[in-house]
Amino acid sequence: MLRMVLMRARCRRSARVLQSYLDDELDAPTAARVAEHLEECRRCGLEASAYTAIKTVLAAGDGGSATPLDPRAVARLHEFARSLTGPEGPTATA
């Protein structure tokens, strides 16, 4: 029970700084704690992978790919990205 409570607390702390971690904006000790948690926690690791994939798509635009991206899907991803950095998005530090 205690282990589960501690893991949830680590999940919350990591979630608050995940975007900063993925943008390589954290100090080394905090980044190391987040990286360790992402390795241990499947759910948080999958969340980080999803954010990384979204960031890659947004950065690439259509990227000259053979399969054009659906502009509506790209617009939804942009809106989602804006929501992550908006007033309700993660702002606290671990």
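**A note on a four-helix predicted model**

1. Aspartate 24 is a good place to begin, and this residue lies in the loop between helix 1 and helix 2 (28-40). Although aspartate 24 is not a glycine, its phi is positive, at about 60°. Aspartate 24 counts as exposed because its relative accessible area is 67%, and the cut-off for that word is over 50%. As you read on, please keep in mind that this is a predicted model.

2. For the overall plan, the protein has 4 helices and 0 strands, and when it is read along the sequence the pattern that appears is α-α-α-α. The protein has 94 residues, of which 23% count as buried, a word that stands here for a relative accessible area under 20%.

3. Helix 3 (residues 42-60) allows a simple check of its length, because its 19 residues, at 1.5 Å a residue, should span 27 Å, and the C-alpha atoms at its ends are indeed 27 Å apart, which agrees. Which residues of helix 3 are buried? They are Cys44, Gly45, Ala48, Tyr51, Ile54 and Leu58. When you look at such a list, it helps to recall that an α-helix has 3.6 residues a turn, so residues three or four places apart point the same way.

4. The next topic is the pairing of charges. Side chains of opposite charge can pair when their charged atoms come close. How many salt bridges does a search of the whole structure find? The search finds 2 salt bridges, and the two paragraphs that follow describe pairs of this kind.

5. In one salt bridge, the side chain of arginine 10 meets that of glutamate 40, with a distance of 2.8 Å from N to O. Because arginine 10 belongs to helix 1 and glutamate 40 to helix 2, the pair ties together parts that are 30 residues apart in sequence. Glutamate 40 counts as partly exposed because its relative accessibility is 43%, and arginine 10 is also placed in the partly exposed class, with a relative accessibility of 24%.

6. Aspartate 23 forms a salt bridge with lysine 55, and the closest N and O atoms of this pair are 2.6 Å apart. The pair links distant parts of the chain, since aspartate 23 sits in the loop between helix 1 and helix 2 while lysine 55 sits in helix 3, 32 residues apart. Lysine 55 is partly exposed, as its relative accessible area of 40% shows, and aspartate 23 is likewise partly exposed, with a value of 35%.

7. On the surface, a patch of positive charge is formed where Arg8, Arg12, Arg13, Arg16 and Arg33 gather. Which helix gives the most to the positive patch? Helix 1 (residues 2-22) does, with 4 residues. Arginine 16, one of the patch residues, is found in helix 1, and because its relative accessibility is 33%, arginine 16 counts as partly exposed.

8. A nonpolar patch is also present on the surface, where Met1, Leu2, Val5 and Leu6 make up an area of about 470 Å². Leucine 2, one of these residues, lies in helix 1. Is leucine 2 buried or exposed? Leucine 2 is exposed, because its relative accessible area is 61%, and the cut-off for exposed is over 50%.

Conventions: Residues numbered from 1 in each chain as written. Predicted model: local features only at pLDDT ≥ 70, side-chain atom pairs only at ≥ 80, totals over all residues. Heavy atoms only, no water. Patch = residues over 30% accessible without salt bridge, like charges linked within 9 Å, V, L, I, M, F, W, Y side chains within 5 Å. Areas by Shrake-Rupley, 256 points an atom, 1.4 Å probe, with all protein chains shown as cover. Salt bridge = Lys/Arg side-chain N within 4 Å of Asp/Glu carboxyl O. Lys, Arg positive; Asp, Glu negative; His and termini not counted. Charge placed at Lys NZ, Arg CZ, Asp CG, Glu CD. Helix = DSSP H or I, 4+ residues; strand = E, 2+ residues; numbered from the N terminus. Buried < 20%, exposed > 50% of the residue type's maximum accessible area, 1.4 Å probe, protein only. Expected span 1.5 Å × (residues − 1).
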